[in-house]
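Student: I've got a new structure to look at before the group meeting. Can you walk me through it?

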Amino acid sequence: MKIISLETVDSTNEYLKRGNRKPITVVTANHQTGGKGRRGKKWISPPGKGLYVSFLFEKPKNFLNVQTVSLSTAVAVAKTLNTLKKGFEIKWPNDILFNGKKVCGILPELSGNRIVVGIGVNLYHSREELKETDYPATSLKIEKIHFDRETLTISLVKNVINYFDKTAKGTFEIKEFESLSIIKPGNRITVKKQNGIEKVTVLGIDREGYLIVEKDGKVERLFSAEISIRF
Ligand code: BTN
């Protein structure tokens, strides 16, 4: 495993997708000029304010889909943050919330026979710096959660690699995700898709990471890349 620390980069995900580096490579940056979020959005990445880190993994042999990596990475991140203070939860597929506000986002991408997993944690952002987001957002500083940046980074890297390994071996258990998930079976949620908005009832999550929902007696499997969810 190799760790590269950069001062400034466009996006740590793009950096790993460009080079022909060996898995496992981990890249952190102090500043991203073109930080990317899910569904083509920007990830606000001012210098020194966030933890911006990406992992380059080999695509496992029995790889199901990128969604399973999303879910297990979310568990790794939530568990890491919960050692600082209890109360971090996951909003399917991979937003990490504290007090109902987003504090971390995860962006897994396929790149040939590699998988790049990017994680952004809001550490020192002020409310002002997060006001552009179209969802409630927060940072560890706003929530008055104490942490040591180095220690947090090291334990996050260890846990993410450990959980990727579980996914690769097929030993990751979806119930670990369910116990941290704010979306529970029976919840009514609003789903925003490319072609509109609909209200559905949650049935559960299957082993491929799809959210199973029901609407008017019809069961649907939702793929994470295409949708956003509101309560
Ligand atoms: C989301 O929209 O929730 C996903 C955000 C992912 C942000 C991280 S920051 C490190 C890595 N590099 C990027 O450009 N994006 C991810």
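**Helix packing, sheet and ligand shell**

Tutor: This is a predicted model. In it, Thr68, Val69, Ser72, Thr73, Val75, Ala76, Val77, Lys79 and Thr80 of helix 2 meet Ser155, Leu156, Asn159, Val160, Asn162, Tyr163, Phe164, Lys166 and Thr167 of helix 3.

Student: What classes of residue make up the contact of helix 2 with helix 3?

Tutor: Eight are nonpolar, eight are polar and two are charged.

Student: And at what angle do the axes of the two helices cross?

Tutor: At roughly 145°, with the axes of helix 2 (residues 66–82) and helix 3 (residues 149–169) coming within 8 Å. The crossing is right-handed.

Student: OK, sheets. What is the strand order in the open sheet of five?

Tutor: The order is 11-10-9-8-12, and the pairing is antiparallel.

Student: Why is one side of strand 11 and of strand 12 left without a neighbour?

Tutor: Strand 11 (218–222) and strand 12 (228–230) are at the edges and each has a single partner strand, so one side of each has no neighbour in the sheet. On average, neighbouring strands here are turned by 45° against each other, ignoring direction.

Student: How many bridges join strand 8 to strand 9?

Tutor: Six, between residues 188–193 and residues 196–205, running antiparallel. Arginine 188 sits opposite threonine 201 of strand 9.

Student: Switching to the ligand. Which residues come nearest?

Tutor: Ser11, Gly37, Gly105, Gly118 and Gly120, out of 20 around the ligand. Helix 1 (12–18), strand 3 (50–58), strand 6 (101–111) and strand 7 (114–122) each give two or more residues to that shell.

Student: How many of the shell are charged?

Tutor: Four, alongside six nonpolar and 10 polar residues.

Key: Residues are numbered from 1 along each chain as its sequence is written. This is a predicted model: local features need pLDDT of at least 70, side-chain atom pairs count only at pLDDT 80 or more; totals for chains, interfaces and linings use all residues. A residue is near a molecule or strand if its C-beta atom, placed from the backbone, lies within 6 Å of it. Helices (H or I, at least four residues) and strands (E, at least two) are DSSP runs, numbered from the N terminus. Ala, Val, Leu, Ile, Met, Phe, Trp, Tyr, Cys and Pro count as nonpolar, Asp, Glu, Lys and Arg as charged, and the others, Gly among them, as polar. Axes are lines fitted to C-alpha atoms, for helices over the stretch in contact, and angles run from 0 to 180 degrees between N-to-C directions. A crossing is left-handed if the near helix is turned anticlockwise from the far one by less than a right angle, and right-handed if clockwise. Two residues are in contact if their C-beta atoms, placed from the backbone, lie within 7 Å. Two strands pair if DSSP finds at least two bridges between them.
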